[in-house]
Amino acid sequence: MTTHSERLTPTLSWTVTPEPFTTRDATALRRAYYAELAGRYWKRQVTETEIDQGLLDFPDDGLVPPTGQFVVGRLDGEPLACGGIRLLDPLTAELTRVYVDRRARGTGGGAALLQVLEAEARALGAERVRLDTRSDLVEARALYARHGYAEIPAYNSDPYAEHWFEKNLP
């Protein structure tokens with residue numbers, strides 16, 4: 001577990017840009033995202049084989065234009081965050097794969113991701129953004145609430161989802 005002293009120093013030098021989810025940096029971040037998500041769910045470290053299978057079971061192929069976008073966030077040039085947006089219907093986009101490396105949490109990376117992902121959703125024509133998450137992902141739920149996402153009734157039947165959020169885009 002990362003301690004506060006092991007975290008990176010807060011800085012304003014986050015850059016978040018669209019990037020194919022197949023690049024080396026994007027792939028490493030997606031693997032880290034899945035490893036943390038699965039590890040927290042299973043309460044153990046996951047194997048590389050389990051990560052491979054998870055990425056096959058939950059593909060990111062909808063995260064490309066014209067139906068979506070994937071972004072990578074860099075803190076002082078180091079890739080430490082990622083996220084995706086995809087259209088559920090012409091007016092509704094869904095956040096997915098939102099991840100900030102533990103060492104960079106609390107430095108503004110989540111906010112930077114949301115700002116860019118919401119702009120990407122608008123560019124796709126969306127008027128609102130939805131997402132689902134789990135109860136154990138308390139950092140994610142707090143991030144969404146801080147940025148104007150409100151809990152809503154379930155909009156999907158994802159077996160891992162326990163909370164659903166929505167935000168209307170200005």
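Contact here means heavy atoms within 4.5 Å. This is a predicted model, in which local features need pLDDT of at least 70, side-chain atom pairs count only at pLDDT 80 or more, and totals for chains, interfaces and linings use all residues. Residues are numbered from 1 along each chain as its sequence is written, and side-chain values use heavy atoms, with hydrogens and water left out.

**Fold**
- The protein has 4 helices and 7 strands, taken as DSSP runs (helices H or I, at least four residues; strands E, at least two) numbered from the N terminus.
- Their order along the sequence is β-α-α-β-β-β-α-β-α-β-β.
- Of contacts between residues at least 6 apart in sequence, 64% join residues at least 24 apart.

**Burial and cores**
- Of the 170 residues, 43% are buried (under 20% relative accessible area, 1.4 Å probe, protein chains only).
- The largest nonpolar core (buried Ala, Val, Leu, Ile, Met, Phe, Trp, Tyr and Cys residues joined through side-chain atoms within 4.5 Å) has 26 residues, and W14, L95, L113, Y144 and Y149 have the most contacts inside it.
- Elements giving two or more residues to this core include β1 (14-18), β4 (92-100) and α4 (138-146), while α3 gives the most, with 6 residues.
- Another core, of 16 residues, lies apart from this one and includes A26, V46, F70 and V72.

**Around L95**
- Beyond its neighbours within four places in sequence, L95 is in contact with G84, I85, L114, L117, V129, R130, L131, Y144 and Y149.

**Extent**
- The C-alpha trace spans about 40 × 35 × 30 Å along its principal axes.

Terms used: Buried < 20%, exposed > 50% of the residue type's maximum accessible area, 1.4 Å probe, protein only.
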